[in-house]
Amino acid sequence: MSADRARPAELSQPSGSVHPAVRRRGRRRYHLAAGGGEARRQARAAVRGGKSAGAGRHRGGALGAVPGARRLHARPRHQRHLDQRRHLQGAAVRSGEGSFATISTIGSFDLVFATNAESEFKTLQDFIKAAREQPGKLNVGTINVGGTQNLAAELFKSLAGINFQIVPYRGTPDVIVALLRNDVQMLVEFYAPIKSTLLDNKIRAVATSGTERSPFFADVPTVAEAGVAGYEVTSWNGLFAPVGTPAEIIDLLNKTVREIVATPEVKQRYADLGIEAQASTPEQLKARLADDIAKWAAVIERAGIPKQ
């Protein structure tokens with residue numbers, strides 16, 4: 001692509017801005033069938049990315065993980081699981097907590113902090129040291145304001161106690177070009193969109209955002225290991241059903257999800273996208289959702305991101 005396209009998004013009107021509009025373009029909704037056999041079929045389709053779906057899916061993780069719980073729609077590709085460009089919106093979050101019954105998570109995945117392979121920043125500590133020596137001089141590229149990537153950069157800035165500019169772009173290709181041009185000195189993004197650039201050794205992963213090292217980056221430290229105590233951002237996908245769904249249906253769906261995510265086929269398909277296939281209990285998913293809502297609402301408030 002042309003380098004001319006790598007320009008920061010306008011902060012006032014970011015494309016598909018992440019805070020607060022949840023776009024509903026082309027969405028088709030489905031209802032959860034009461035029958036056990038049909039519920040099982042729908043759960044399998046949901047986890048495998050099939051066209052028939054009935055349980056709800058929570059898109060995201062960390063609050064890009066909490067842009068709001070949503071019913072599944074006919075979008076068959078696993079890549080849809082990586083679409084974090086949604087917005088935290090009060091109504092959406094409330095509907096996620098009150099209008100849906102939790103079933104299970106289906107996968108979790110970390111963000112990657114990466115620098116230009118030819119830059120002086122070989123480690124995250126190098127970047128932190130330079131940011132302290134040159135407050136406000138370094139730039140970090142992310143996609144849309146309010147997206148998981150953008151909020152993760154805000155959290156890093158706060159917990160590390162350093163000052164740098166967070167530059168939002170319209171899409172990941174623009175962020176990558178900006179990093180290669182040294183317009184930004186580091187990017188924060190999920191693995192799948194930057195996979196080819198990483199494999200081409202054009203950029204270097206210097207940290208991942210989870211509590212433990214990513215199974216896909218065993219030699220790369222976490223942000224916490226790099227010296228930012230308490231830092232953790234783990235995105236996730238989850239399945240939800242309409243509130244009032246019978247407990248036996250929820251139990252059946254949860255059991256089905258556990259069976260599916262344990263299969264080698266699904267584990268490998270998810271791993272190709274940097275996702276660790278992972279089920280949970282309904283209670284664990286509910287607690288995770290509540291914790292993430294509180295965590296990211298605080299980051300948004302601290303960063304002064306306007307609620308529209």
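Let's start with a pair of charges. The side chains of R213 and E225 meet in a salt bridge, with N and O 2.9 Å apart. Where do R213 and E225 lie? Both lie in the loop between β7 and β8 (234-242), so the pair ties together parts that are 12 residues apart in sequence. R213 is partly exposed, at a relative accessible area of 39%. E225 is partly exposed too, at 47%. One thing to keep in mind throughout: this is a predicted model.

Why do such pairs form? Side chains of opposite charge can pair when their charged atoms come close.

How many salt bridges does the structure hold? It holds 5. I'll show you two more.

Take K295 and E232. They form a salt bridge, and their closest N and O atoms are 3.2 Å apart. This pair links distant parts of the chain. K295 sits in helix α9 (residues 282-303). E232 sits in the loop between β7 and β8. The two are 63 residues apart. Buried or exposed? Neither, for this pair: K295 counts as partly exposed at 24% relative accessibility, and E232 counts as partly exposed at 22%. The cut-off for buried is under 20%, so neither value qualifies.

Next, D183 and R181. Their side chains meet in a salt bridge, 3.2 Å from N to O. D183 is partly exposed, with a relative accessible area of 29%. R181 is partly exposed as well, at 43%.

Look at N182 while you are there. Its phi is near 70°, a positive value in a residue other than glycine. N182 is found in the loop between α5 (172-180) and β6. It counts as partly exposed, at 46% relative accessibility.

N201 also has a positive phi, near 60°, and it is not a glycine either. Where is N201 found? In the loop between α6 (191-199) and β7. At 60% relative accessibility, N201 counts as exposed.

Now a charge without a partner. D110 is found in strand β3. D110 is buried, yet it has no salt bridge. How far away is the nearest side chain of opposite charge? That side chain is R288, and it is 7.2 Å away. A salt bridge needs the nitrogen within 4 Å of the oxygen, so R288 does not make one with D110. What does D110 contact instead? Leaving aside neighbours within four places in sequence, its contacts include F190, Y191, T208, S209 and E212. V233 and T234 are also among them.

Let's move to a helix. Find α3, residues 124-133. Which residues of α3 are buried? They are L124, F127, I128, A130 and A131. These residues cover an arc of only 165° around the axis, which puts them on the same side of α3. Here is the background. An α-helix has 3.6 residues a turn, so residues three or four places apart point the same way.

Now turn the helix over. The face turned away from the buried side carries the exposed residues K129, R132 and E133. And what covers the buried residues? The cover includes strands β3 (100-116), β4 (139-142), β6 (186-190) and β7 (203-208). Helix α4 (148-160) is part of it too.

Stay with L124, the start of that helix. Not counting residues up to four places away in sequence, L124 touches F113, F156, M186, V206, A207, V223 and A226. L124 also belongs to the largest nonpolar core, which has 51 residues. Which residues touch the most other members of that core? F113, L124, F127, F156 and Y231 do. There is a second, separate core of 18 residues. It includes V175, V184, Y191 and I203. In general, nonpolar side chains in soluble globular proteins tend to be buried together.

Last, zoom out to the chain. It has 9 helices and 9 strands. Of its 308 residues, 56% count as buried. Take contacts between residues at least 6 apart in sequence: 76% of them join residues at least 24 apart. And the surface? The chain exposes about 13200 Å². Carbon and sulfur atoms supply 48% of that area.

Try this on the structure above. Find α3, then look for K129, R132 and E133 on the face turned away from its buried side. Then find D110 in strand β3. Thanks, that's it from me.

How values were computed. Residues are numbered from 1 along each chain as its sequence is written. This is a predicted model: local features need pLDDT of at least 70, side-chain atom pairs count only at pLDDT 80 or more; totals for chains, interfaces and linings use all residues. Side-chain values use heavy atoms; hydrogens and water are left out. Buried means under 20% relative accessible area, exposed over 50%, partly exposed in between (1.4 Å probe, protein chains only). Helices (H or I, at least four residues) and strands (E, at least two) are DSSP runs, numbered from the N terminus. The arc is that of the directions from the helix axis to the C-beta atoms. Contact means heavy atoms within 4.5 Å. Lys and Arg count as positive and Asp and Glu as negative; His and the chain ends are not counted. A nonpolar core is a set of buried Ala, Val, Leu, Ile, Met, Phe, Trp, Tyr and Cys residues joined through side-chain atoms within 4.5 Å. Accessible areas come from the Shrake-Rupley method with a 1.4 Å probe; for residues, only the protein chains shown count as cover.
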